[in-house]
Amino acid sequence: IYANKTPNLNALKKATQIISNVLKKGDLVIFESTVYPGLTEEICIPILRNKNKFKLNRDFFVGYSPERISPGEKDDFTNINKVISGSNLKTTNFILRLYKKIIKANIFKASSIKVAEASKIVENVQRDINISFMNEISLIFSRLNINTQDVLKAAKTKWNFLNFFPGLVGGHCISVDPYYLAYKAKQKKYDPQVILSGRKINNSMGFYVGGIVIKKIKKKFRKKKINLGVFGLTFKENTNDTRDSKVFDMIKMFNKKNIKVYAIDPNLTKKDIPKNLNIKLNKKIKKLDVLVLAVPHREFLKFNYFKMKKILNKEGAIFDIRGVLKDKKIKRNFDYWSL
């Protein structure tokens with residue numbers, strides 16, 4: 001997306017243009033990009049048709065099958081259910097036979113390309129909205145002095161309670177796709193309320209947590225030099241993808257306050273960090289005053305009380321954003337906070 005939150009389609013258009021340069025009669029082109037409903041037919045097909053003056057469903061054919069690969073997950077894509085669609089029924093059935101050679105899981109035939117496009121974007125928007133609700137109740141419960149994690153444990157005992165949790169929402173899917181649907185809705189003179197309110201909450205969470213940390217530092221520590229460790233920089237656990245990571249919003253706030261930040265992420269190398277952020281990855285760290293567990297990589301889930309004693313000063317504070325640390329001694333012996 002562009003800075004004004006409208007879709008940036010440059011990469012998709014250029015890729016489609018490359019395909020159009022080699023398109024032959026009888027060819028089938030299948031798109032897997034997440035797009036707003038109607039984009040394949042409104043943007044991509046005209047590009048394919050333009051240079052060759054081919055006719056759709058006579059000279060060439062088009063399909064749409066959104067990818068569902070989740071970064072950081074070990075699932076083989078062949079075991080993930082697939083949605084397919086084609087520019088006509090014959091094409092859809094051909095795509096079904098094609099993907100059956102690859103996909104071991106179920107394959108669902110959508111009634112149209114638009115329906116398939118919409119199904120993918122709804123998957124991601126639904127997740128964004130559900131997480132934003134968790135974040136909002138966390139904001140409310142913090143003012144009521146109620147532990148959100150305790151509330152969720154109780155609520156999950158109901159059989160149909162949805163298992164979402166508060167946290168930072170970044171990446172190239174969940175934090176982007178809602179704007180595609182909102183863009184299309186506004187084209188049709190509808191102003192989306194729920195979608196954009198969820199985005200507003202989730203976009204603010206990095207700054208919210210950063211503000212909580214800074215407030216605690218001011219209240220708790222009298223010394224001028226504070227050593228703060230941020231564990232995890234990616235948008236999601238167990239991946240090296242930093243796109244739109246809300247952890248960077250926090251680090252920018254800490255840098256403005258001249259807090260010494262140690263950035264630790266076992267999944268990243270120096271080249272993975274955007275150069276404009278001026279963040280240095282650390283392998284060796286001094287004793288910390290503050291530990292921010294921002295992204296629960298599998299390496300960090302092993303942290304127990306004795307590990308924390310080695311990393312933190314006695315009066316240290318722990319900000320376990322997602323509430324993943326299970327050792328009860330940590331919460332008893334350190335100044336502990338979670339969403």
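A crossing of two helices is called right-handed if the near helix is turned clockwise from the far one by less than a right angle, and left-handed if the turn is anticlockwise. In this predicted model, helix H7 passes helix H8 in a right-handed crossing. The briefing below takes up that helix pair, then an open sheet of four strands with mixed pairing, and finally the cysteines, for which the disulfide count comes to zero.

**Helices H7 and H8**

- Helix H7, which spans residues 194-220, packs against helix H8, residues 247-256, at an angle of about 35 degrees, and the two axes lie 8 Å apart.
- On the H7 side the contact is made by Asn-203, Gly-206, Phe-207, Val-209, Gly-210, Gly-211, Val-213 and Ile-214, while H8 contributes Asp-249, Met-250, Met-253 and Phe-254.
- Sorted by character, the residues of this contact between H7 and H8 comprise seven nonpolar, four polar and one charged.

**The four-stranded sheet**

- The strands of the open sheet follow the order E1-E2-E3-E4, and their pairing is mixed.
- Strand E1 (27-31) and strand E4 (107-109) stand at the edges with a single partner strand each, so that one side of each has no neighbour in the sheet.
- From one strand to the next, the twist averages 30 degrees.
- Strand E3, residues 82-86, runs parallel to E4 and is joined to E4 by three bridges; Lys-82 has Ile-107 in E4 as its bridge partner.

**Helices packed on the sheet**

- Helix H2, formed by residues 39-52, packs on the sheet and touches E1 and strand E2 (60-64), with a direction that makes about 150 degrees with that of E2.
- Helix H3, formed by residues 89-100, also packs on the sheet, where it touches E1, E2, E3 and E4, and its direction makes about 145 degrees with that of E3.

**Cysteines**

- A disulfide requires a pair of cysteine sulfur atoms within 2.5 Å, and by this rule the model has zero disulfides.
- For the sulfur of Cys-44, the closest cysteine sulfur is that of Cys-173, and because the separation is 17 Å the two are too far apart for a bond.
- Taken from the other side, the sulfur of Cys-173 likewise has that of Cys-44 as its closest cysteine sulfur, at 17 Å, which is too far for a bond.
- Residues under 20% relative accessible area count as buried, so Cys-44, at 1% relative accessibility, is buried, and Cys-173, at 18% relative accessibility, counts as buried too.

Notes. Residues numbered from 1 in each chain as written. Predicted model: local features only at pLDDT ≥ 70, side-chain atom pairs only at ≥ 80, totals over all residues. Heavy atoms only, no water. Axes fitted to C-alpha atoms, helices over the stretch in contact; angles between N-to-C directions. Helix = DSSP H or I, 4+ residues; strand = E, 2+ residues; numbered from the N terminus. Contact = heavy atoms within 4.5 Å. Nonpolar A, V, L, I, M, F, W, Y, C, P; charged D, E, K, R; others polar. Pairing = 2+ DSSP bridges. Buried < 20%, exposed > 50% of the residue type's maximum accessible area, 1.4 Å probe, protein only.
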